[in-house]
Amino acid sequence: SVLVWGMLQTYVATTYCRAERERLRREVVEVIAGAAEAGHLRTEEEFLNMRYMAQITDADIYVVTGDGTVLYSVGSSAPKAGTRLATGVLDTLHEAGEYTGGGTVGGLYPSNYFTSALALPQGGYVFASSDSVAMRVYMLDTISTYIMSAGLVLLVSSLLALALANRMVIP
């Protein structure tokens, strides 16, 4: 029962963490799109703000042209300027005006990333991507804690049952 409870709590906590990180990425791209609409995206101050947002949210932020070429990027594993995005992601952005998903962003990243993107008013797109490894590590650590707890409860209850059974058998 401890293990089942732990698995349930892990699922709830993971769902919450994933939703919270999605909300943060979404807010980042909305703020940058708003700055672009106001004409502030070309200022040095706005690029500095993007760098701060990337550090605070632990996400890569990058601005791309309409054809998918990265113009500016910040973050620990953000794509370099001049890198081209895959057409699949761009097709979704052209059709819907926004993108939310997980994966390698068309081969841009070597592992799975959670990504949010919005179209910019003057053309182009802004992306915010965060690595999914942190979520997997959190889940595995939490699950292993509950497995160890369940094992400890099982060991203590087995020793207690053995001691009480032995006491009942020996006169």
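Guide: In relative accessible area, buried means under 20%, exposed means over 50%, and partly exposed lies in between (1.4 Å probe, protein chains only). This is a predicted model, so local features need pLDDT of at least 70 and side-chain atom pairs count only at pLDDT 80 or more, while totals for chains, interfaces and linings use all residues. Residues are numbered from 1 along each chain as its sequence is written, and side-chain values use heavy atoms, with hydrogens and water left out.

Visitor: Thanks! Is Leu-152 buried or exposed?

Guide: Let's place the residue: Leu-152 is found in helix α4 (residues 133-169). Helices (H or I, at least four residues) and strands (E, at least two) are DSSP runs, numbered from the N terminus. Leu-152 has a relative accessible area of 52%, so this residue is exposed.

Visitor: What is the area of the nonpolar surface patch that Leu-152 helps to make?

Guide: Patches are made of residues with over 30% relative accessible area and no salt bridge; like charges are joined within 9 Å, and nonpolar side chains (Val, Leu, Ile, Met, Phe, Trp, Tyr) within 5 Å. Accessible areas come from the Shrake-Rupley method with a 1.4 Å probe, and for residues only the protein chains shown count as cover. Here Leu-152 is joined by Leu-155, Val-156, Leu-159 and Leu-162, and the patch has an area of about 500 Å².

Visitor: Over to the strands: why is β1 largely enclosed by the rest of the structure?

Guide: Asp-60, Tyr-62 and Val-64 point one way from β1, and Ile-61 and Val-63 point the other way. In a regular strand the side chains alternate between the two faces of the sheet. Strand β1 covers residues 60-64, and it is largely enclosed because five of its five residues are buried.

Visitor: Which residue of β2 is the bridge partner of Val-63?

Guide: Two strands pair if DSSP finds at least two bridges between them. β1 runs antiparallel to β2 (residues 70-74), with four bridges joining them, and antiparallel to β5 (residues 125-131), with five bridges. On the β5 side, Val-63 is partnered by Val-126. On the β2 side, the partner of Val-63 is Tyr-72.

Visitor: Which residue takes a positive phi in the hairpin of β1 and β2?

Guide: Five residues sit between the two strands of this hairpin. With a phi near 95 degrees, the residue to look for is Gly-68.

Visitor: Which are the edge strands of the sheet?

Guide: Five strands form an open, antiparallel sheet in the order β2-β1-β5-β4-β3. An edge strand here pairs on one side only, and that describes β2 and β3 (98-103).

Visitor: At what angle does helix α3 run to β3?

Guide: Axes are lines fitted to C-alpha atoms, for helices over the stretch in contact (heavy atoms within 4.5 Å). Angles between N-to-C directions run from 0 to 180 degrees. Helix α3 (residues 87-96) lies across β3, β4 (113-119) and β5, and its angle to β3 is about 150 degrees.

Visitor: How many salt bridges does a search of the whole structure find?

Guide: A salt bridge is a side-chain nitrogen of Lys or Arg within 4 Å of a carboxyl oxygen of Asp or Glu. One of them links Glu-27 and Arg-23 at 2.4 Å, N to O. These two are four residues apart in helix α1, which means they are separated by about one helical turn. For the whole structure, the number found is five.

Visitor: Which residue forms a salt bridge with Glu-22?

Guide: Glu-22 is partly exposed at 22% relative accessible area, whereas its partner is buried at 3%. The two are three residues apart in helix α1 (residues 2-37), so about one helical turn separates them. With the closest N and O atoms 2.6 Å apart, the partner is Arg-25.

Visitor: Which residue is joined with Arg-26 and Glu-30 into one network?

Guide: Arg-26 and Glu-30 form a salt bridge with their closest N and O atoms 3.1 Å apart, and both lie in helix α1, four residues apart. Glu-30 is partly exposed at 41%. Through salt bridges that share partners, the network also takes in Glu-98.

Visitor: How far apart in space are Leu-152 and Glu-98?

Guide: In sequence, 54 residues separate Leu-152 and Glu-98. From C-alpha to C-alpha, their distance in space is 48 Å.
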